[in-house]
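Let's take a walk through this structure together, one stop at a time. Keep the 3D view open and turn it as you read.

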Amino acid sequence: MPDSKFFDLQINGYYGVDFNQDDISAEDLRNACLALERDEVDGVLVTVITDDIARMAARLSRFVQLRSTDPLISKMIAGFHIEGPFISTQVGYVGAHPVEHAKEASWEEMALLLDAADGLTRIVTLAPEQDPDQDVTRRLVKQGMIVAAGHTNASIDQLDACIDAGLSVFTHLGNGCPRLMDRHDNIIQRALSRADRLNFGLIADGAHVPFFALKNYLQIAGIDRAFIVSDAISAAGCGPGLYPLGDQEVLVGEDGVPRAEDDSHLIGSATTMQRMAENLQREVGLTSVEIDRLTRMNPRRLIGAAIPAPARLAAKSNGAKNGVHPATAP
């Protein structure tokens, strides 16, 4: 078994606790962190999704406050992933985000969110077509943040322009897009065609991306340039039922998948990182070294988080045995 625990770069809630509520309590957040720790996770990026800018800022500020008063919360929350509001307004591409708050990128509004996050923003997901002059992308990269494309129908030229400006990640590939698209010229193919310049987040629950497609995506992207996220909502670690996500209520069925009421799209995941690691082994056929890279090492490397020394040594040893080059630790 690896010496380090899972590291999740996209999580919206856990164990009955919604991270996108307005007044999350210290007790609830601590309980969620305890559940994550129990489930072999020792670091996450709390993901704040599209909403009114003032409400997003207030939620970020609340997390900063709670993080500063509790050592466990501080240890577990390595920072923030701001997903929106500068995303596509098109049906399908906007996904579960409230379309009325999706908009074109504005540095003034982005700066309000960054100030509220108090230096803890690690990843910002936006749609390249919503940053047409790449101003927000350039400014974020210059300040040391990772910019990811997501909830986007960017053309190849728009995607390339943002990559040239410093965009380096694609958020939950295969999601944040309609079920039916052009068979060749679609955002998944455009993103994969830039596999030499992008890192790819993937949700390994079997619902967001079928396992055979996940295997294809990993083969194209390569283990070095991919990482697994849970995209978990408050249902993760619980079971079927009705769960909150911001102002929405999400029904999780007996199959454990959170879906919109009209079944038009998924709304986050209810699957833990432990289960996703098992899926990667059982359903995708990956080795323990490859799973370690996707769920532990690559996420840490991407945001510059420390990798425990025993895990580094074990990864190097296992990599040598299996002919695999482990990701370089920071």
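Start where helix 2 meets helix 4: on the helix 2 side, the contact is made by Ile53, Met56, Ala57, Leu60, Ser61 and Val64. Facing them from helix 4 are Glu109, Leu112, Leu113, Ala116 and Ala117. Sort the residues of this contact by class and you get nine nonpolar, one polar and one charged. Keep in mind as you look that this is a predicted model.

How do you put a packing like this into numbers? Two packed helices are described by the angle between their axes and the distance between the axes. For helix 2 (residues 53-67) and helix 4 (residues 107-117), the angle is about 20° and the axes are 7 Å apart. Angles under 35 degrees count as roughly parallel, and helix 2 and helix 4 are therefore roughly parallel to each other. Their crossing is right-handed.

Stay with helix 4 for a moment, since helix 5 (residues 135-142) crosses it at roughly 30°, with the two axes coming within 10 Å. This crossing of helix 4 and helix 5 is right-handed. Which residues make the contact? From helix 4 come Trp107, Met110 and Leu114, while helix 5 brings Asp135, Val136, Arg139 and Leu140. By class, the contact of helix 4 with helix 5 holds five nonpolar residues, two charged ones and no polar ones.

Now slide along to helix 9 (residues 273-282) and helix 10 (residues 288-303), which pack at an angle of about 150° with their axes 10 Å apart. That angle makes helix 9 roughly antiparallel to helix 10, as the cut-off for that label is over 145 degrees. Here, too, you'll find a right-handed crossing, with helix 9 passing helix 10. Met273, Ala277, Leu280 and Gln281 reach in from helix 9, and Ile291, Leu294 and Thr295 from helix 10. Five of the residues in the contact of helix 9 with helix 10 are nonpolar, two are polar and none is charged.

Time to leave the helices and look at the empty spaces. How many cavities of 30 Å³ or more are there? The count comes to two. The largest cavity holds about 50 Å³ of space. Its lining is made up of Leu9, Gln10, His81, Ile123, Val169, Phe170, Thr171, His172, Gly201, Phe227 and Val229. Strand 1 (6-11) and strand 8 (169-170) are the elements that give two or more residues to the lining of the largest cavity. That lining divides into six nonpolar and five polar residues, with no charged ones.

The second largest cavity has about 40 Å³ of space. Around it you'll find His151, Thr152, Phe170, Leu173, Gly174, Asn175, Gly176, Cys177, Ile187 and Ile188. Phe170 is worth clicking on here: it lines the largest cavity and the second largest cavity. In the lining of the second largest cavity, five residues are nonpolar, five are polar and none is charged.

Then there's the largest pocket, with a volume of about 730 Å³. Its lining takes 38 residues, and the closest to the centre of the pocket are Asn175, Gly176, Cys177, His265 and Leu266. Among these, Asn175, Gly176 and Cys177 may ring a bell, as they also line the second largest cavity. Broken down by class, the lining of the largest pocket has 18 nonpolar, 15 polar and five charged residues.

Two backbone details round off the tour. Most residues other than glycine have a negative phi, and most peptide bonds are trans. Tyr15 has a positive phi of about 50° although it is not a glycine. You can find Tyr15 in the loop between strand 2 (13-14) and strand 3 (17-18). As for the peptide bonds, the one from Gly84 to Pro85 is cis, with omega near 5°. Look for Pro85 in the loop between strand 5 (77-83) and helix 4.

Definitions and conventions
Residues are numbered from 1 along each chain as its sequence is written. This is a predicted model: local features need pLDDT of at least 70, side-chain atom pairs count only at pLDDT 80 or more; totals for chains, interfaces and linings use all residues. Side-chain values use heavy atoms; hydrogens and water are left out. Axes are lines fitted to C-alpha atoms, for helices over the stretch in contact, and angles run from 0 to 180 degrees between N-to-C directions. Helices (H or I, at least four residues) and strands (E, at least two) are DSSP runs, numbered from the N terminus. Angles under 35 degrees count as roughly parallel, over 145 as roughly antiparallel, 65 to 115 as roughly perpendicular and the rest as oblique. A crossing is left-handed if the near helix is turned anticlockwise from the far one by less than a right angle, and right-handed if clockwise. Contact means heavy atoms within 4.5 Å. Ala, Val, Leu, Ile, Met, Phe, Trp, Tyr, Cys and Pro count as nonpolar, Asp, Glu, Lys and Arg as charged, and the others, Gly among them, as polar. On a 1 Å grid over the protein atoms alone, a cavity is a set of points where a 1.4 Å probe fits but cannot get out, and a pocket is an open set with protein on both sides within 12 Å along at least five of seven lines; lining residues have an atom within 4 Å of a point. Grid points are joined across faces, edges and corners, and a volume is the space filled by probe spheres set on the points.
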